[in-house]
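Me: I've got a model to pick apart with you. Let me throw some questions at you, one at a time.

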Amino acid sequence: MAVSVCVTGAGGFIGSWIVKLLLDRGFAVRGTSRRADDPKNAHLWGLDGAAERLAMLQVDLLDRASLRAAFDGCDGVIHLASPMHDNPEEIIEPIIAGTRNVVEAAADAGVRRLVISSTIGTMYMNPHRDPNAPLDESSWSDLEYCKKTKNWYCYAKTIAEQSAWETARARGLDLAVVIPVVVLGELMQPSMNTSTLHILKYLTGKAKEYVNESHAYVHVKDAAEAHVRVLEAPGAGGRRYVCAERTLHRGELCRILSELFPEYPIPTRCKDDVNPPKKGYKFTNQPLKDLGIRFTPVHEYLFEAVKSLQEKGFLPKVSVTKVKKNVTQRRSSPLQMSPPPMLISKL
Ligand SMILES: NC(=O)c1ccc[n+]([C@@H]2O[C@H](COP(=O)([O-])OP(=O)(O)OC[C@H]3O[C@@H](n4cnc5c(N)ncnc54)[C@H](OP(=O)(O)O)[C@@H]3O)[C@@H](O)[C@H]2O)c1
């Protein structure tokens, strides 16, 4: 019988790639969703092996019994389900209480290992950190600073991860945490997701200038592979794994995008023409490299992300020749309105 793994938030951006990887490797997958028959998860049924080895279950993160039922008989759990915006009224409970319930339910169900998807926002939001020291598993964001700057997503994810470590220790549960940065690449799911919105605004003409900020980026397939390797590797428990390929200033990100897709009105000016370009955090991804992850270079995943936006109809295909003729007109009329932006700025 195939070994079972439960993936919460299975139909999301990263979740869909994890489900695909697990099915390709012969696992039986229990995917969870707040609505098991949600049409936005229908793409999962088209995956090879889904008909035989995928089950979708309805789970409420605030209902521990529903989690326990989903995890029963599973070898491992990968917890991804999470809101990704900055409205404290809507995110604090599912992120903090939801993660605590996942840890308790995984311990009750006796799973071999729980892997949680945290965020780099649990590491770098700290005004006292040394900017020259790479972020590693000992780095933690400062809760007061998150509160003061109203970065509620980072605040909630930091508390959730810290309390997950405490509970796992108390319950003797094997926990490992993957810490993704901004995840980009091909979308499997039909709907837009927060991290893809991060680049969409630069392609549609909605953002006329870029901000003076730097972030780290990673390919969605590498992020999925990281979760699965961390779940599988015998000695991988008990650690926090930074899942990042490189840090880029937003100007550099826009430059690469316009090199790849010169037909779109990608900004060439920074909003801040006074200060020098802000440097991003450094990090170490060596622990994931040690598990065999080979990080894909940024040109490749930006290319795949934009192609995917075109294929899914989020971005019109524009011919370069046509654009050259209509530069003035196009600059004054954005190509397409993106979906309403979510508030989050620190993924
Ligand atoms: N994408 C990134 O750049 C990035 C970076 C750092 C960390 N992460 C972390 O990676 C995980 C997955 O991210 P993703 O990009 O795949 O996100 P996503 O596409 O938005 O998927 C997350 C899934 O979580 C479920 N969800 C959303 N709001 C929820 C709520 N209030 N209560 C319970 N479930 C909820 C949704 O599934 P249903 O609607 O089917 O229930 C959704 O499909 C998250 O934990 C996120 O914090 C992502």
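**A loop, some strands and a ligand shell**

Me: Between which two helices does the loop with Lys-150 lie?
Reply: This is a predicted model, so to speak up front: local features need pLDDT of at least 70, side-chain atom pairs count only at pLDDT 80 or more, and totals for chains, interfaces and linings use all residues. Numbering starts from 1 along each chain as its sequence is written. Helices (H or I, at least four residues) and strands (E, at least two) are DSSP runs, numbered from the N terminus. With that in hand, the loop holding Lys-150 sits between H5 (143–148) and H6 (152–171).

Me: What's the phi of Lys-150, and is Lys-150 buried or exposed?
Reply: Most residues other than glycine have a negative phi. Lys-150 isn't a glycine, yet its phi is positive, about 60°. For burial, count the other C-beta atoms (placed from the backbone) within 10 Å: 20 or more is buried, 12 or fewer is exposed, and in between is partly exposed. Lys-150 has 12 such neighbours, so it counts as exposed.

Me: How many residues of S2 are buried?
Reply: S2 covers residues 28–33 and is mostly covered. Ala-28, Arg-30 and Thr-32 point one way, while Val-29, Gly-31 and Ser-33 point the other, and all are buried. That fits the general pattern, since in a regular strand the side chains alternate between the two faces of the sheet. The count for S2 is 6 of 6.

Me: Which handedness does the crossover from S1 to S2 have?
Reply: S1 (residues 4–8) and S2 run parallel and are joined by 5 bridges, where pairing takes at least two DSSP bridges between the strands. The chain gets from S1 to S2 through helix H1 (residues 13–24), making a β-α-β crossover. The test is to look with the strands pointing away from you: if the path from the first strand over the helix to the second runs clockwise, it's right-handed. This crossover is right-handed.

Me: Which residue of S3 is the bridge partner of Gly-31?
Reply: S2 also pairs with S3 (residues 54–58), in the parallel sense over 5 bridges. Gly-31 has its partner in S3, and that partner is Met-56.

Me: On the S4 side, which residue of S4 stands opposite Val-7?
Reply: S1 pairs with S4 in the parallel sense, over 4 bridges. In S4 (residues 76–79), Gly-76 and Ile-78 point one way and Val-77 and His-79 the other, and all are buried. Opposite Val-7 you'll find Ile-78.

Me: Which helix makes a right-handed β-α-β unit with S4 and S5?
Reply: S4 and S5 (residues 113–117) run parallel, with 4 bridges joining them. Across that pairing, Gly-76 faces Arg-113 and Val-77 faces Leu-114. The helix that completes the right-handed unit, spanning residues 88–109, is H4.

Me: Why is S5 largely enclosed, and which residue of S6 stands opposite Leu-114?
Reply: S5 is largely enclosed by the rest of the structure because 5 of its 5 residues are buried. Arg-113, Val-115 and Ser-117 point one way from S5, with Leu-114 and Ile-116 pointing the other. S5 runs parallel to S6, joined by 4 bridges. Opposite Leu-114 in S6 stands Leu-175.

Me: How many C-beta neighbours does Ile-179 have inside 10 Å?
Reply: Ile-179 is in S6 (residues 175–180). Leaving out residues up to four places away in sequence, Ile-179 touches a list of residues including Ser-118, Ile-120, Met-123, Tyr-241 and Cys-243, with contact meaning C-beta atoms, placed from the backbone, within 7 Å. Ile-179 counts as buried, because its neighbour count is 27.

Me: Which two residues touch the most other members of the largest nonpolar core?
Reply: A nonpolar core is a set of buried Ala, Val, Leu, Ile, Met, Phe, Trp, Tyr and Cys residues joined through C-beta atoms within 7 Å. Setting aside neighbours within four places in sequence, Ala-106 is in contact with Phe-71, Val-77, Val-111, Leu-114 and Leu-173. Of the 103 residues in the core, the two in question are Ala-106 and Cys-243.

Me: Which element supplies the largest share of the shell around the ligand?
Reply: Being near the ligand means a C-beta atom, placed from the backbone, within 6 Å of it. Of the 25 residues around the ligand, Gly-9, Gly-12, Ser-33, Ser-82 and Ser-195 come nearest. H1 and S7 (182–184) each supply at least two residues of the shell. The largest share, 3 residues, comes from H1.

Technical notes. Two residues are in contact if their C-beta atoms, placed from the backbone, lie within 7 Å.
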